[in-house]
Amino acid sequence: MNAGDPPDPAADGARMDYADTMSYGDYLQLDAILNAQKPRSGDHNEWLFIIQHQTSELWMKLALIELRAARDAVRAERLPPAFKMLARVSRIMEQLVHAWDVLSTMTPSEYSAIRPFLGASSGFQSWQYREIEYILGNKNPAMLKPHAHRADIHAEVERALAAPSLYDEAIRLLARRGFAIDSGVLNRDLRQPWRFAPSVEQAWLAVYRAPEEHWALYELAEELVDLEDAFRQWRFRHVTTVERIIGFKRGTGGTSGVAYLRKMLDVVLFPELWKVRTDL
């Protein structure tokens with residue numbers, strides 16, 4: 001081989017014939033994934049809209065896998081693996097934030113050309129996003145309704161609504177570690193959103209005042225704060241992108257659009273952990 005010649009992978013030992021074995025595309029099911037985009041408008045920019053949302057759903061699928069595993073690990077008091085999983089979810093949230101950066105290159109005129117072809121479809125109807133909210137504690141039984149037309153999905157989301165959230169399991173862990181958590185908190189209706197609990201605030205405050213004594217719980221608290229921080233940035237970037245593209249028009253799913261999304265920015269998932277910052 002002479003200097004400047006292109007490299008020959010076969011000479012380096014790479015397999016070049018995959019007729020009788022599994023290839024990269026086979027393993028990743030790329031035929032299915034790369035043929036899952038079905039633009040309706042004929043407009044070039046619809047490819048961006050579809051691919052951005054499909055890739056976001058894939059990241060959300062991974063986030064749910066990690067969040068469920070982290071919740072199980074906290075329940076089993078295997079905290080180091082839970083920390084790793086939660087750190088990964090925070091990084092996934094960063095990827096979701098950057099996905100909005102790409103979509104924001106779509107101008108109002110470009111979106112207007114494809115909007116009529118979206119019908120009533122909307123990210124508001126994403127069942128994976130709903131499950132993420134539920135496992136993070138933002139429970140709302142009314143949000144089951146957009147999935148009533150799909151019995152299988154409705155049942156899955158309903159199970160997520162009724163299950164303990166990640167934060168529920170963290171609070172139960174505090175109680176098992178000897179902190180005085182109010183019985184009403186431990187026996188609450190899991191289908192309802194988390195409400196600020198003074199006994200939980202006092203427990204976290206004790207952890208933060210003696211971190212070396214409660215290091216694992218202290219680290220769990222900080223992983224949860226990291227996670228909510230990343231989740232807030234994802235929500236904020238969503239609102240900004242929507243306003244940039246459609247202004248204050250109503251959403252395709254019938255919501256008030258930006259006004260509705262801004263209300264969601266006020267939701268605090270782990271209020272006691274944020275209140276502790278003021279208490280210390």
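Reader: I've picked out Glu131. Is Glu131 buried or exposed, and how do I tell?

Author: Glu131 is buried, with a relative accessible area of 4%. Here "buried" stands for under 20% relative accessible area, "exposed" for over 50%, and "partly exposed" for in between (1.4 Å probe, protein chains only). Before we go on, remember that this is a predicted model, where local features need pLDDT of at least 70, side-chain atom pairs count only at pLDDT 80 or more, and totals for chains, interfaces and linings use all residues. Residues are numbered from 1 along each chain as its sequence is written, and side-chain values use heavy atoms, leaving out hydrogens and water.

Reader: Glu131 has a charged side chain. Which residue forms a salt bridge with Glu131?

Author: The general idea: side chains of opposite charge can pair when their charged atoms come close. The rule used is a side-chain nitrogen of Lys or Arg within 4 Å of a carboxyl oxygen of Asp or Glu. For Glu131 the partner is Arg68, and their closest N and O atoms are 2.8 Å apart. Arg68 sits in helix 3 (residues 46–75) and Glu131 in helix 6 (residues 127–135), so this pair ties together parts that are 63 residues apart in sequence. Arg68 itself is partly exposed, at a relative accessible area of 30%.

Reader: With which other residue does Arg68 form a salt bridge?

Author: With Glu156, where the closest N and O atoms are 4.0 Å apart. Glu156 belongs to helix 7 (residues 151–162) while Arg68 is in helix 3, so here the tied parts are 88 residues apart in sequence. Glu156 counts as partly exposed, with a relative accessible area of 29%.

Reader: How many salt bridges are there in the whole structure?

Author: A search finds 21. Another one joins the side chains of Glu77 and Arg177, at 3.3 Å from N to O. That pair links distant parts of the chain, 100 residues apart: Glu77 is in the loop between helix 3 and helix 4 (79–103), and Arg177 is in the loop between helix 8 (166–176) and helix 9 (183–186). Salt bridges can also share partners, and in that way Asp72, Arg75, Glu169 and Arg172 are joined into one network.

Reader: You keep saying "helix". How many helices and strands does the protein have?

Author: Both are DSSP runs, numbered from the N terminus: helices are H or I with at least four residues, strands are E with at least two. This protein has 13 helices and 0 strands. Its C-alpha atoms fill a box of roughly 70 × 55 × 35 Å, taken along the principal axes. Of its 280 residues, 41% are buried.

Reader: How do I read the way two helices pack? At what angle do helix 11 and helix 13 pack?

Author: You fit lines to C-alpha atoms, for helices over the stretch in contact, and take the angle between N-to-C directions, from 0 to 180 degrees. Helix 11 (residues 215–246) and helix 13 (residues 271–279) pack at about 105°, with axes 10 Å apart. That makes the two helices roughly perpendicular (under 35 degrees is roughly parallel, over 145 roughly antiparallel, 65 to 115 roughly perpendicular, and the rest oblique).

Reader: Which residues in helix 13 does helix 11 meet?

Author: Leu273, Trp274 and Arg277, and among the helix 11 residues that meet them are Leu224, Val225 and Arg232. Contact means heavy atoms within 4.5 Å. The residues of this helix 11 and helix 13 contact divide into 5 nonpolar, no polar and 5 charged (Ala, Val, Leu, Ile, Met, Phe, Trp, Tyr, Cys and Pro count as nonpolar, Asp, Glu, Lys and Arg as charged, and the others, Gly among them, as polar).

Reader: Now Leu161. Which residues does Leu161 touch?

Author: Not counting residues up to four places away in sequence, its neighbours include Tyr134, Asn140, Leu144 and Leu190. Leu161 lies in helix 7 and is buried, at 0% relative accessibility. The C-alpha atoms of Leu161 and Asn140 are separated by 7.7 Å, although the residues are 21 apart along the chain.

Reader: And backbone angles? Which residue that is not a glycine has a positive phi of about 55°?

Author: That's Gln29, in the loop between helix 1 (24–28) and helix 2 (30–34). Gln29 is exposed, at 51% relative accessible area. Glu77, from the salt bridge with Arg177, has a positive phi too, near 60°. Glu77 is partly exposed, with a relative accessible area of 34%.
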